[in-house]
2 protein chains.
Amino acid sequence: MTQDSVQTAAAESARIVVSVDAMGGDRGPAAVVAGLVASARDNPDADFLLHGDVAVLTPLVARQAGLSGRVTLRHAAQVVAMTDKPSQVMRHGQATSMWATIDAVKQGEASVAVSCGNTGALMAVSLIRLRRLPGINRPAIACLWPSRNPGGFNVMLDVGADIKADAEDLLQYASMGASYARIGLGLARPRVGLLNVGTEEHKGRAEMKLAHDRIAAAAEAGAFDFVGFVEGGDIPGSRVDVIVTDGFTGNIALKTGEGTAKLISDFLREAFAATFLSKIAALLALTSLKRLQVRIDPRRVNGGVFLGLNGTVVKSHGASDATGVAAAIGLACQLARSGFRERLAARVASTMRAGQDAGAEGSPDNGSASGLGVGSGQ
Amino acid sequence: MTQDSVQTAAAESARIVVSVDAMGGDRGPAAVVAGLVASARDNPDADFLLHGDVAVLTPLVARQAGLSGRVTLRHAAQVVAMTDKPSQVMRHGQATSMWATIDAVKQGEASVAVSCGNTGALMAVSLIRLRRLPGINRPAIACLWPSRNPGGFNVMLDVGADIKADAEDLLQYASMGASYARIGLGLARPRVGLLNVGTEEHKGRAEMKLAHDRIAAAAEAGAFDFVGFVEGGDIPGSRVDVIVTDGFTGNIALKTGEGTAKLISDFLREAFAATFLSKIAALLALTSLKRLQVRIDPRRVNGGVFLGLNGTVVKSHGASDATGVAAAIGLACQLARSGFRERLAARVASTMRAGQDAGAEGSPDNGSASGLGVGSGQ
């Protein structure tokens with residue numbers, strides 16, 4: 001073995017592999033490949049397994065010089081449609097690109113999977129192939145939410161993995177969400193809040209009070225601060241870093257926030273197109289307005305992360321364009337690079353050993369893993 | 001009786017009386033009186049009963065020429081605090097300004113009540129004094145939400161009267177929400193949607209499917225179109241006019257939307273203050289930006305309406321300033337003027353007579369009641 005090949009081997013061992021589902025998004029494989037091009041440029045340490053119809057994918061990939069030598073195509077004959085029932089995909093979906101994408105993580109060929117397909121089906125396939133982390137009853141989907149906090153984002157979970165959650169589940173969400181914020185947002189001791197209809201302790205459903213007390217008791221072991229109940233207005237606020245809720249409420253809050261942001265953006269565009277003066281103003285303010293748009297662009301934080309499985313899965317929005325896909329793959333790369341999967345598993349295990357403050361995943365300054373820097377324009 | 005006094009009596013009989021709680025808001029009675037001044041100017045056919053500490057209120061009212069002869073002060077020695085438990089206020093709150101405000105409607109002295117106090121207490125006092133409409137199990141709070149629809153607003157309920165709702169309650173919300181949209185937004189046949197985590201019928205909680213089928217079966221009798229499940233993104237959208245959900249989910253969606261809108265407004269302000277050019281741009285675009293601000297200003301649609309009681313109660317936001325209070329009182333005046341209470345009660349009764357399409361409240365073009373015109377800059 002020559003010196004050169006030893007160096008190549010060492011460099012290759014530091015590379016990360018991301019498994020990407022090319023099919024199943026609303027905009028088809030062309031949008032996924034376009035996003036992949038941007039991700040490959042931004043993440044030179046990453047290689048990709050791309051799953052789908054090779055007849056479609058081969059020409060799309062071949063015309064991109066930046067993907068040369070970085071992408072391995074894997075043929076999958078079937079596609080999961082947005083209207084497919086999760087239960088059917090679980091039973092009969094073995095030949096789909098989604099299944100193959102998850103399976104590559106299961107087989108250890110890739111350390112993280114990305115798909116913009118049907119959320120319910122993706123969670124079902126992830127559950128059946130990757131299985132739950134020991135001690136986790138219901139996995140959750142965590143999203144990043146633009147906020148007033150210095151890092152620019154808060155974490156909210158569950159935003160749609162399951163339609164309900166009991167007190168035990170909400171406690172596990174608190175622990176997993178704190179881990180994600182610690183690694184993803186670089187916060188040593190994230191502040192966790194439980195979403196409710198009022199901040200006073202007597203308000204809300206009875207199960208919320210139970211969850212409140214369980215999370216409060218586990219905060220020390222989970223290495224987070226529990227601020228108690230928070231309200232919808234705190235999701236984009238600065239009182240907390242992590243908002244814990246059931247998947248029904250979280251999903252509706254997420255889509256309400258996205259819809260409201262979109263409405264205002266459209267109104268803003270109309271306002272600037274309204275008069276001659278306002279059109280001039282739009283030109284003058286172009287830089288500032290672009291900065292604003294970047295700050296609230298939901299595509300920038302595209303990528304719900306499935307937490308609580310033996311493997312990391314990033315769910316990109318079904319309607320993602322190239323920018324959205326690139327953000328989701330970028331998030332996947334950073335999670336892979338940080339050893340997120342192992343650190344989360346260690347934290348869940350340590351939180352389960354009640355009262356013990358094992359700190360297995362370390363502080364964000366430890367080791368080779370750095371914060372994801374999602375707030376700094378990834 | 002002279003001709004003059006007959007005319008005066010006739011004019012007075014057409015006047016409306018609004019009962020206003022001056023206390024209990026976060027900004028105190030001065031903000032309420034300031035809002036009252038604007039409302040009195042905009043609603044010359046309205047007189048007001050103002051409840052609270054007369055020692056505080058007398059000088060506040062006396063210095064406003066516009067309120068002369070329009071306001072009757074009613075002394076109430078106590079104030080409901082934001083931290084008071086509803087159950088305690090129900091038992092021991094008889095001397096509070098909130099109680100007296102509701103009682104004036106109960107006694108027939110006023111046709112509608114307005115308060116910016118503690119929501120839970122206001123609902124509790126309203127329930128105990130006004131009682132539920134026959135056939136209504138859980139009253140609801142309906143709010144107006146800025147939307148892409150031509151009228152500029154959608155109706156959502158329940159946004160916080162109760163923390164749960166079963167299929168029967170959700171059906172009643174659909175009927176009451178449709179009535180509110182018919183009268184409030186001038187829509188002959190409102191489109192009603194049931195808030196869920198997906199629009200496919202197999203998604204969501206089991207009780208949602210039951211509610212879906214109940215509402216679908218009652219649409220004809222309720223004189224509305226049922227579009228089925230809608231998602232969070234549809235709340236500010238144009239697919240529906242009325243969004244039906246339980247009070248837990250609705251309250252969180254409302255506050256999430258408000259918080260998101262506030263975040264973006266603040267970011268926008270920062271963007272325009274960022275550079276010299278952007279400051280110039282802000283000046284040039286002032287008119288357009290002001291129009292935008294009006295379109296998304298939550299104070300403009302301040303006023304949740306309690307539906308399902310023997311009397312109309314408008315809940316103003318606790319943190320309302322003069323603009324917010326004026327919007328809530330303005331809404332109260334318009335509801336009083338339209339005979340909303342009687343028309344809603346007739347519709348609920350007719351919807352209960354299953355299969356019958358009684359149309360008791362008439363179309364918005366009928367009779368003397370006009371649409372509230374909330375979308376046209378009230």
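A disulfide here is a pair of cysteine sulfur atoms within 2.5 Å. Keep that cut-off in mind for the first stop, and remember that you are looking at a predicted model.

**Stop 1: the cysteines.** How many disulfides does a search of the whole structure find? Over all chains, the count is 0, so don't go hunting for a sulfur pair within 2.5 Å. Two cysteines are still good to click on. Select A:Cys116: with a relative accessible area of 4%, this residue is buried. Now jump to chain B and pick B:Cys333, which is buried too, because its relative accessibility is 0%.

**Stop 2: a patch on the surface.** Go back to chain A and select A:Phe276, A:Leu277 and A:Ile280; together they make a nonpolar surface patch of about 300 Å². Zoom in on A:Leu277, which sits in helix H10, running over residues 276–284 of chain A. Is A:Leu277 buried or partly exposed? Its relative accessibility is 44%, so it counts as partly exposed.

**Stop 3: the inside.** Searching the whole structure for cavities of 30 Å³ or more turns up 2. The largest cavity holds about 60 Å³ of space. To see its walls, select A:Leu133, A:Phe306, A:Leu307, A:Gly308, A:Leu309, A:Gly311, A:Thr312, A:Phe340, A:Arg341 and A:Leu344. Then color strand E10 (304–307) and helix H13 (340–352) of chain A, the elements that give two or more residues to this lining. Which element gives the most to the lining of the largest cavity? That's H13 of chain A, with 3 residues.

Notes. Residues numbered from 1 in each chain as written. Chains lettered and ligands numbered in written order. Predicted model: local features only at pLDDT ≥ 70, side-chain atom pairs only at ≥ 80, totals over all residues. Heavy atoms only, no water. Patch = residues over 30% accessible without salt bridge, like charges linked within 9 Å, V, L, I, M, F, W, Y side chains within 5 Å. Areas by Shrake-Rupley, 256 points an atom, 1.4 Å probe, with all protein chains shown as cover. Salt bridge = Lys/Arg side-chain N within 4 Å of Asp/Glu carboxyl O. Helix = DSSP H or I, 4+ residues; strand = E, 2+ residues; numbered from the N terminus. Buried < 20%, exposed > 50% of the residue type's maximum accessible area, 1.4 Å probe, protein only. 1 Å grid on protein atoms, 1.4 Å probe; cavity = no way out; pocket = protein on both sides within 12 Å on 5 of 7 lines; lining within 4 Å. Points joined across faces, edges and corners; volume = space filled by probe spheres on them.
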